[in-house]
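Got the structure open in your viewer? Let's take a walk through it, one selection at a time.

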Amino acid sequence: MIDDVCAALPEIPRRAAAECARARLVVSGATVTVLSFCLYLLSTFADERTFNLFTILWVLDAVVLVGLGSARVMASVSDEKRLGTWELQLLTPLSSRELALGKLLGAPLFAVWLFVLLLPWNAMAVARSDVVSAARGLESLVLLIAATFLAWSVSLLVSAYTSSKQGVSDGVKIFMLAPLIPFAASAISLVISPDDRARAIRYLGVDTPPWLFLTVSSVIFGAWALESARARIAVDKLEPLLPWRLPAFILFIELYQCGFGPLGLAVGVIVPCAILVAAAVGEQWGPSEWRRWLERPKRFWSQAPCWIYGLAACAASALVVFALRAYSPIDGSTAAYSLLVLVFVARDLFFLQWMRLRVRRNPELLAFVYIGIAYALPALIIGVLHVPDAAWLALPFLSKGRGVLVNILPGAAQAILVGAALSREVRLLSRAPR
Amino acid sequence: MLRRMSAAIATRGLRREFAETVAVRDLDLEIEKGSITALVGPNGAGKTTLLRLISGLLEPTSGSVAVEGFEMEKAPREARARLGFLPDHFGIYEDLTPRQFLRYFARAYRWPRLSVESRIVEVLEDVGLSEKIDEPAEGLSRGMKQRLGLARTILHEPPLLLLDEPASGLDPGSRQDLQNLLRRYAARGGTILVSSHILAELEEYCTHVAILDRGRLVHHGSIAAAATQRRRMSLRVHPGPVDAKLLEGRAGVSRAAVRGDALEFEVDGGDEAAAALLRALVAAGVPVVSYAAIDEKIQDRYLALVRSRD
């Protein structure tokens, strides 16, 4: 079995050879054992409410698995790109899935070793505790493993997006890691808490134990992050793939949020659109990408820019929200507003792409300056002239007295105009002599 | 998915752009199986980009690449399994020994499990690194790391080798070993496409030459055939000096120029045409004292082509 896994994922034995030398395992094993024994000894003298061995050991587990393990996974692909060994891996017939799984399971091997050493002490802490039941200890273990999977997957995603010449910028790292932080914090606080679990989370109308809710959520988001990392590696390996990640994530986020109750404005409209804009900016889709895409009709669907699919997903979602407004608890104005925001987002994305075709240096920065002006200037004029009723003509504001279509018309007209300008640029680009 | 199986590499309209720069320009190239082709060209000609496109490390802007009949776009896994690429700059896992390093790649290339160890020993012997088999790679010299990289490239016995400056960092003895290794590889039916700036060395073992200039393929063909198609000749007469006008108006003669006391020129049609020209010169009463073929090197051909384009 182990031989088969090592044969399928050669990254695991490579990491084992590089990082798990016998001397290192012995020294770390002795250190962890002595430390755990001391903690155990201390706990026998102390009151469980002031010195809770269960909590201390699970904190150590979390530091080892989520902290050390994630750091190793995050360095996995980026270090190889920096050292020049990544290309050697891309040259092998290993698939993107084999590479991704190899990194995910191979990079944190040493952290797993430390966790395995700690595990018996965790069991002993539960056994001698008057407060913590065996079932709760098991819940903590399951939740920690799920949170670890999420943390490692997101770390791999960040690592896979590192370019060979420059690392992932801190801004991008924070953006990609931001969703992880509240999840990991909630999960870890639940893992280490010796008290009874917090009150149940009501999801899809059912009261769900928090540990179970967080475990399932972590596994789902972790699977998405792992698959996205795999897809990014597949791009390096020139494997054909559909850019499903962004639309799937946008739709999933909306469905996931639905479980908590009616979609609010923030989660139903703003969050998907923010994800879409961030992805469009990060995709770096320039003239040569446009040309490559348009000149290869066979790969038209697989090489389309992700923002087009993301925009389609947001549009589909907004239309569904709007169409079902009469049959759902979703607020009617939220439903209409989702369409209104969408046309403005479409306008801004078209403009961003237009700038990328027209401007060579910092097109994104310039695009956002102009987009900022496009929002700020009308707001300023409206403010100075004290005509708030005219805001719907230039800004994403709903005018209560008018129908949805009338409200959308000014934004849609702007989107169509900018879209036409973009279309003209694309035509010029495809006809331009080489 | 399958292309002409007779070609080890076949590119069609291959093009790669980097922003406004066209690194490889609509390239049609077929490399015969069993050949050793020298890929030469000035800096920035697109040699490395071409090798990276063929190896599947870069995606073409347009056009296609097929390796041993498998198109890189449609069957990248099959195509990659059939090639070994030694990049100009590459890294090695310095915390592993050469044995562990090659073991990883043997697994990655799905080499039969039972013969992995013997294959590693064999390959390290081939590249002259067997003494260092169990020493950490971080202690290897640059040349030894280059040899280890070469061992990785040939480890899975690919039918096609792509080598980008393989002699870089090697001492003269190791360069000779490399040449011998490549000759042995080709003798076993392997195809090699090698890029290098050391043209005199390429001459020693290459059967074909492909010259790139500004992303375009300006010449590709067999080195032996080139000699039969066009001969560079040297002519001396008595009494001297020789005059270039002597050859004016003669069919198939070009690029005539006086070098020292000899007239050098090219004659189309190989040895037969050169002999006919000599007969014509003697018949015309030209006092020929020396008439010989100049052994044209890759370097001469390359310089002539590149200078003519300048």
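Start by selecting E227(A) and R97(A): their side chains form a salt bridge, with the closest N and O atoms 3.0 Å apart. Bear in mind that you are looking at a predicted model. This pair ties together distant parts of the chain, since E227(A) belongs to helix α11 (residues 210-236) of chain A and R97(A) to helix α6 (residues 96-106) of chain A, 130 residues apart. Color by accessibility if you can: E227(A) is partly exposed at 22% relative accessibility, and R97(A) is partly exposed too, at 42%.

Keep E227(A) on screen and add R230(A). Those two side chains also meet in a salt bridge, 2.9 Å from N to O. Here the partners share a helix: both lie in α11 of chain A, 3 residues apart, or about one turn of the helix. R230(A) is buried, with a relative accessible area of 12%; the cut-off for buried is under 20%. As for the general idea, side chains of opposite charge can pair when their charged atoms come close.

**Stop two: a wider web of charges**

Now select E11(A), R14(A), R15(A), E19(A), R72(A), E80(A) and K103(A) together. What links them? They are joined in a network of salt bridges. Over all chains, a search of the whole structure turns up 37 salt bridges.

**Stop three: crossing between the chains**

Show chain A and chain B in two colors. How many residues of each are in contact with the other chain? There are 38 in chain A and 41 in chain B. The area buried between the two chains is about 3,600 Å², and carbon and sulfur atoms give 53% of it. To see some of the main contributors, select L91(A), P93(A) and L238(A): they supply 20% of the area that chain A buries against chain B, more than any other three residues.

Charges meet here as well, with 5 salt bridges found across the interface of chain A and chain B. For one example, pick R113(B) and D4(A), which form a salt bridge with their closest N and O atoms 3.4 Å apart.

For another, go to E17(B) and R291(A), whose side chains meet in a salt bridge at 2.7 Å, N to O. E17(B) sits in strand β1 (residues 7-18) of chain B and R291(A) in helix α14 (residues 287-294) of chain A, so this pair joins two chains. Are these two buried or exposed? E17(B) is buried, with a relative accessible area of 2%, and R291(A) counts as buried at 15%.

**Stop four: E59(B) and its neighbors**

Select E59(B) next. You'll find this residue in the loop between α1 (47-55) and β4 (62-67) of chain B. E59(B) is buried, with a relative accessible area of 13%. Which residues does E59(B) touch, leaving out those up to four places away in sequence? From chain A come L238(A), R292(A), R296(A), R299(A) and Q303(A), and from chain B come R16(B) and L53(B). You have already met L238(A), one of the three residues singled out for the area that chain A buries against chain B. If you want to try the distance tool, run it from E59(B) to A210(B): the C-alpha atoms are 22 Å apart in space, while the residues are 151 apart in sequence.

**Stop five: two unusual backbone angles**

Most residues other than glycine have a negative phi. Select R110(B), though, and you get a positive phi of about 60 degrees in a residue that is not a glycine. Look for R110(B) in the loop between α3 (98-108) and α4 (116-126) of chain B. R110(B) is partly exposed, with a relative accessible area of 38%.

Then jump to E157(B), another non-glycine residue with a positive phi, near 50 degrees. E157(B) is in the loop between α5 (142-154) and β7 (160-164) of chain B, and counts as partly exposed at 45% relative accessibility.

**Last stop: zoom out on chain B**

Hide the side chains and show chain B as a cartoon. Its secondary structure comes to 10 helices and 14 strands, and its C-alpha atoms fill a box of roughly 75 × 45 × 35 Å along the principal axes. Of the 310 residues in chain B, 52% are buried. Switch to a surface view, and you have about 13,500 Å² of accessible surface for chain B, 49% of it belonging to carbon and sulfur atoms. Finally, color the charges: chain B has 43 positive and 43 negative ones, and their mean positions are 3 Å apart.

Definitions and conventions. Residues numbered from 1 in each chain as written. Chains lettered and ligands numbered in written order. Predicted model: local features only at pLDDT ≥ 70, side-chain atom pairs only at ≥ 80, totals over all residues. Heavy atoms only, no water. Helix = DSSP H or I, 4+ residues; strand = E, 2+ residues; numbered from the N terminus. Buried < 20%, exposed > 50% of the residue type's maximum accessible area, 1.4 Å probe, protein only. Areas by Shrake-Rupley, 256 points an atom, 1.4 Å probe, with all protein chains shown as cover. Lys, Arg positive; Asp, Glu negative; His and termini not counted. Charge placed at Lys NZ, Arg CZ, Asp CG, Glu CD. Contact = heavy atoms within 4.5 Å. Buried area = accessible area lost by both parts, 1.4 Å probe. Salt bridge = Lys/Arg side-chain N within 4 Å of Asp/Glu carboxyl O.
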